[in-house]
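Please open the model in your viewer with a cartoon representation, and keep the selection panel at hand for the stops that follow.

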Amino acid sequence: MKTWQTRPQWALSSQSRPIALSESLPPDSAGPLFPADPILLIGGVHGDEPEGVVLGQAVEKWLIQEQEAGHLNPEQPWIVIPCLNPDGVALNQRVNGRGVDLNRNYPASNWSPEHSQSRYFPGPSPGSEPEIQALVQLIQERRPKLIIHFHAWKPSIVLTSDARGLEWAQPLAQASSYPIMDSIGYPTPGSLSHFGWQDLGTPIICIEEEEWIERDKPLDQIDPSQLENHYAPRLWERWRPGFQKIFAAPKNSSNSHQKGGQ
Ligand SMILES: [Zn+2]
């Protein structure tokens with residue numbers, strides 16, 4: 001019985017590139033079509049941050065493998081969008097195919113048309129971009145209990161939440177030795193942090209991976225085998241123990257129980 005699915009064309013970017021989504025499926029087919037309270041993970045928000053793209057792909061691969069092996073907590077559904085900004089990746093740029101910074105385009109209560117540099121262009125109006133429209137609809141329908149998105153900058157785990165977010169931020173900090181910060185240190189109107197936490201009350205974790213992948217060419221021109229065999233394992237080594245704590249089945253629940261149930 002299939003316990004997960006991939007939708008290769010869950011949404012389309014502004015330049016009509018497919019955006020994929022993978023998700024766990026409920027163990028009991030008699031239950032709700034989609035389980036409540038998933039954890040949502042989003043990679044590749046900014047196309048010029050290859051670490052954030054590779055991390056999104058690595059977490060997707062790991063979740064699928066562990067889900068198939070019955071190693072994950074069946075009570076904790078997950079949704080992963082490995083690359084939200086395929087236009088930016090193809091063009092090796094921060095913004096999407098229409099020049100919009102997706103992490104300034106959320107229909108947040110503090111969205112503002114003002115921006116200091118073109119790389120922070122928030123779009124013509126809040127939620128104007130197809131990538132953000134699809135994501136906001138997903139968030140409204142599925143109501144995730146936590147959203148984690150992957151970027152690359154100064155190594156840090158930015159937690160926008162009250163104390164309950166520490167339940168997830170602490171294992172990630174422990175595994176990576178990255179510090180937990182409560183702010184990125186500069187204003188980010190129209191960002192996922194503000195939209196998710198201030199407007200919807202959903203804790204948001206922004207992982208800022210250290211920048212270390214070579215930047216002289218777009219990610220899609222880097223040899224895929226090098227990405228898969230060199231970059232991804234090195235990155236995933238840092239983060240796997242943290243995600244293991246968040247998603248692993250509780251120690252007292254046995255595999256046979258999960259397999260035998262339905
Ligand atoms: Zn970023």
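**The sheet and its helices**

In this predicted model, begin by selecting the strands: eight of them form an open sheet in the order β1-β2-β4-β3-β5-β8-β6-β7, and the pairing is mixed. Colour β1 (4-12) and β7 (180-181) next, since these stand at the edges with a single partner strand each, so that one side of each has no neighbour in the sheet.

Now move to strand β5 (residues 146-153) and strand β8 (residues 204-210), which run parallel and are joined by seven bridges. Within this pair, display Ala-152, which stands opposite Glu-209 in β8.

With the sheet still in view, add helix α3 (residues 130-142), which packs on the sheet and touches β1, β2 (18-24) and β4 (78-81), its direction making about 140° with that of β1. Then add helix α4 (residues 166-176), which also packs on the sheet; the strands touched by α4 are β5, β6 (156-160), β7 and β8, and its direction makes about 175° with that of β6.

**A pair of helices**

Finally, select helix α1 (residues 50-68) together with helix α6 (residues 224-247), whose axes come within 8 Å and cross at roughly 60°. That angle makes α1 oblique to α6, and the crossing of the two helices is right-handed. To see the contact itself, show side chains in α1, including Val-54, Leu-55, Trp-62 and Leu-63, which belong to the group that meets residues of α6, among them Leu-227, Tyr-231, Trp-239 and Phe-243. By class, the contact of α1 with α6 comprises 14 nonpolar, one polar and two charged residues.

Notes. Residues are numbered from 1 along each chain as its sequence is written. This is a predicted model: local features need pLDDT of at least 70, side-chain atom pairs count only at pLDDT 80 or more; totals for chains, interfaces and linings use all residues. Axes are lines fitted to C-alpha atoms, for helices over the stretch in contact, and angles run from 0 to 180 degrees between N-to-C directions. Helices (H or I, at least four residues) and strands (E, at least two) are DSSP runs, numbered from the N terminus. Angles under 35 degrees count as roughly parallel, over 145 as roughly antiparallel, 65 to 115 as roughly perpendicular and the rest as oblique. A crossing is left-handed if the near helix is turned anticlockwise from the far one by less than a right angle, and right-handed if clockwise. Two residues are in contact if their C-beta atoms, placed from the backbone, lie within 7 Å. Ala, Val, Leu, Ile, Met, Phe, Trp, Tyr, Cys and Pro count as nonpolar, Asp, Glu, Lys and Arg as charged, and the others, Gly among them, as polar. Two strands pair if DSSP finds at least two bridges between them.
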